[in-house]
Amino acid sequence: RDMGRLFLISLEGSTYSCKHCQTQLALLDDIVSKSFHCRHGKAYLFEKVVNVNVGEEEERMMITGMHTVADIFCVGCGSIVGWKYESAHEKCQKYKEGKFILERFKVLGPDGSAYWVGRDPQVGSDADDA
Amino acid sequence: MGGVENSEPPLKRVKVPSGDLKNLVDEASHIVPISSSLGDSMARPPCSQGVEETVGMKGVIKKQEFVKIITRALYSLGYVRTGALLEEESGIPLHSTAVALLLDQVRGEKWEESLVTLHKIGLSDEIMVKRASFLLLEQKFFDLLKEENLMAALDTLRNEIVPLSVDVGRVRELASCIICPSQCMALRISSQDGTDANSRSRFKEKLEKLLPAAVMIPERRLEHLVEQALDVQRDACVFHNTLDSEFSLYVDHQCGRNQIPSHTLQILQAHKDEVWFLQFSHNGKYLASASKDHITVVWEVKESDLVLLKHTLTGHQNPVLTITWSPDDSQLLTCGVEEVVRRWDVNTGECLHVYEKAGVGLISCGWFPDGKGIVCGMKDKSICLWDLDGRELECWKGQRTLNISDMAITDDGKRIISICRENAILLLDREAKFERLIEEEQVITSFSLSEDNKFLLVNLMNQELHLWSIEGDIKVVAHYRGHRRTRFLIRSCFGGFEQAFIASGSEDSQVYIWHRDTGKLLLTLPGHSGAVNCVSWNPMDPRMLASASDDRTIRIWGLDGLKCKGHYSNGNGIT
């Protein structure tokens, strides 16, 4: 598939990368919480994520309430890797604003390890009532 | 052409008082006085009484001034009779009686009398009067010296010139003339070149420039005003892409959009994969393109604007991401992605040298302005300077550049420019060994240096282009928007006549062109069937633009087939 010269930001250190194309997405050090969930199992909340395109904003009802989120897509292959919290409707959820969720199923860990859906019972998306 | 000589009306024609003697002393006055201080006769046309008349629709042009500069222009053009006739018919003499008398006396070399008249003009600025007196007395002094009347000359210097207390340095020079007359000739020639006639006209020019414009209307004033208006028209013309010879006074200047390349003249197909970079040589005779297919192609731009393949440069093991032309365009540098830099001979297509560093991939390259060295960015973030044979001359370690970064060197060899942090560009001063940073809020993806090295065009991740001034005060001076960039490295450039335009590639497969000064998006050029990665405007031909695309082709853009020279708007700027 044709694509131009990808503009990618390089991260140094232990990183999570896209499962399909290995594009670096986030640093291990930037994990805020590992207690999130999504349709495909575990999800981590990150302070910062790179090399993703942010999609359209939409209202979504999460486990912890209504949020405005936008899906994020890997710049390298276009696959959806998680979402970004644009705004939270409830005060106690505001800490998530501007932060990103990467679905564990969609990424390779710092050690290159993958993750298989089905390990954890499927609950709704969101969590970590900090 | 002499200053006063050709434009002087015969004195006897000045029948009516100027009525503007009072204006000379009090320039703020708009009321034309009835009486004049010289007590001339009162005969004058009735229309110049009372409040000052204006011409033109906006009421800002004073009729008197308007007529006077026309009169001045007529005399300058040599139309003495017409000039005099205009003065008579309008009742508006070019010079006041006193000034006319002064000019006449100056022409007749009657220095004593001219000094008297000078004081009668009624100038309020004392220093100016003194300086004008100085000029007149200087002429008297030189004349006396010429007659070899040293005593009288000395007397003039001592008793008339020195008491003025102006231009003391000149006084000393004049004094030296008395002591050494031959020196005087040298002096006279050095300050007032050439023969007597020439030196006389030079003196008149000086005198004219000294007196206020209202007293002695500057020569070529009308021409100057017209040129100013043309400048304004030209600046307002966003499509302007030609030399000035196309101006007409009959209608306001306005180029049509067909002055900018907008039409595909050629589609160059030689690459087997995405074309990522291209650039014209400094002399505009060649174009080099680099591709993901590991190959660089050198194209030749023929007289007829036809672009033909000249060489295919193979050797890189990785996609070629950038090309730089040597200052004299005889050689090329190409850089493979995290690989090596190769130097090629443009004429023969031979690879002359391979530059590499053990264990470290190269990511950018640039020529040194003297053509004797190259600068390369490394994957380990350092920047190295090598001579042509590959010997390392200098190395800046630390975070000087990033994995993906452009490299530029100013023509004076003093500054090296590269992206050193996600949102910062480093301006590394080689000599003074200090650094300055351009800092943005968004991530920087690429940049381009202007021809005069005073501006940097920066591409940001959020699809904006920022134009930075990097000389003196470092700051953003313009923004350009409209193109698309979400995933790729897209490049932009300066171009066109006097680099008045900004062009950019875009992920929507179009070429975008903005007017540099106003930031206005002028054109979007469809045609490519893949993202346009890079654009280059021919530095020697403002009508030619090249673009490189993911569709594996290069397009050469030129002016619209109709080839109209310009489209003029209706008359006097009323649109």
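From the N terminus on, the elements of chain A run β-β-β-β-β-β-β-β-β-β, which amounts to ten strands and zero helices. Chain B mixes both kinds of element, with eleven helices and 30 strands. Please keep in mind that this is a predicted model, and that the structure holds zero disulfides over all chains. Here is a tour, topic by topic.

**Chain A: overall picture**

- Chain A has 130 residues, and 48% of them count as buried.
- Contacts between residues at least 6 apart in sequence include many that reach further along chain A: 50% of them join residues at least 24 apart.
- The exposed area of chain A is about 6,400 Å², with carbon and sulfur atoms supplying 49% of it.

**Chain A: confidence**

- The mean pLDDT of chain A is 87, and 88% of the residues score at least 70.
- Among the elements of chain A, strand E2 (residues 24–27) has the highest mean pLDDT, 96, while strand E10 (residues 126–127) has the lowest, 72.
- A general reminder for reading any such model: where pLDDT is low, the predicted coordinates should not be read in detail.

**Chain A: a pair of cysteines**

- With zero disulfides over all chains, where does the nearest cysteine sulfur to Cys21(A) lie? The sulfur of Cys74(A) is 3.5 Å away, and Cys21(A) is in no disulfide.
- Cys74(A) is likewise in no disulfide, and its nearest cysteine sulfur is that of Cys21(A), at 3.5 Å.
- A disulfide requires the two sulfur atoms to be within 2.5 Å, so the 3.5 Å between Cys21(A) and Cys74(A) does not qualify.
- Are these two cysteines buried or exposed? Cys21(A) is partly exposed, with a relative accessible area of 26%, whereas Cys74(A) is buried, at 2%.

**Chain B: overall picture**

- Chain B has 575 residues, of which 52% count as buried.
- Among its contacts with a separation of 6 or more, 47% are between residues 24 or more positions apart.
- Chain B exposes about 26,700 Å², and carbon and sulfur atoms supply 52% of that area.

**Chain B: nonpolar cores**

- The largest nonpolar core has 35 residues, and those touching the most other members are Leu118(B), Leu123(B), Leu136(B), Phe141(B) and Ile161(B).
- Six helices of chain B each supply at least two residues of this core: H4 (97–107), H5 (111–120), H6 (126–146), H7 (150–161), H8 (168–179) and H10 (196–210).
- Which helix gives the largest share of this core? That is H6(B), with eleven residues.
- Leu118(B) shows how the packing is put together: beyond residues up to four places away in sequence, Leu118(B) touches Leu102(B), Leu123(B), Val129(B), Ala132(B), Ser133(B), Leu136(B) and Leu211(B).
- A second, separate core has 28 residues, including Phe280(B), Ala290(B), Leu332(B) and Ile554(B).
- As a general point, nonpolar side chains tend to be buried together in soluble globular proteins.

**Chain B: annotated WD repeats**

- An unreviewed UniProt entry places the feature "repeat: WD" at residues 268–309, 313–354, 501–524 and 525–560 of chain B.
- In residues 501–524 of chain B, the end C-alpha atoms lie 13 Å apart, and the span is 54% strand and 0% helix.
- In residues 525–560 of chain B, the end C-alpha atoms lie 12 Å apart, and the span is 50% strand and 0% helix.

**Chain B: a closer look at Leu523(B)**

- Leu523(B) sits in strand E27 (residues 521–525) of chain B and is buried, with a relative accessible area of 10%.
- Setting aside neighbours within four places in sequence, Leu523(B) is in contact with Arg257(B), Ile260(B), Pro261(B), Ser262(B), Val511(B), Tyr512(B) and Ile513(B).
- Leu309(B) is 214 residues from Leu523(B) in sequence, and the two C-alpha atoms are 28 Å apart in space.

**Chain B: positive phi outside glycine**

- Gln499(B), a residue other than glycine, has a positive phi near 50°.
- The loop between strand E24 (492–495) and strand E25 (501–504) of chain B holds Gln499(B), which is buried at a relative accessible area of 15%.
- Arg552(B) is not a glycine either, yet its phi is positive, at about 75°.
- Arg552(B) lies in the loop between strand E29 (545–549) and strand E30 (553–558) of chain B and is partly exposed, with a relative accessible area of 35%.

How values were computed
Residues are numbered from 1 along each chain as its sequence is written. Chains are lettered from A and ligands numbered from 1 in the order in which they are written. This is a predicted model: local features need pLDDT of at least 70, side-chain atom pairs count only at pLDDT 80 or more; totals for chains, interfaces and linings use all residues. Side-chain values use heavy atoms; hydrogens and water are left out. A nonpolar core is a set of buried Ala, Val, Leu, Ile, Met, Phe, Trp, Tyr and Cys residues joined through side-chain atoms within 4.5 Å. Buried means under 20% relative accessible area, exposed over 50%, partly exposed in between (1.4 Å probe, protein chains only). Helices (H or I, at least four residues) and strands (E, at least two) are DSSP runs, numbered from the N terminus. Contact means heavy atoms within 4.5 Å. Accessible areas come from the Shrake-Rupley method with a 1.4 Å probe; for residues, only the protein chains shown count as cover. UniProt positions are given in the numbering used here, feature names are shortened, and annotations may be inferred rather than shown by experiment. pLDDT is the predictor's confidence in each residue, from 0 to 100.
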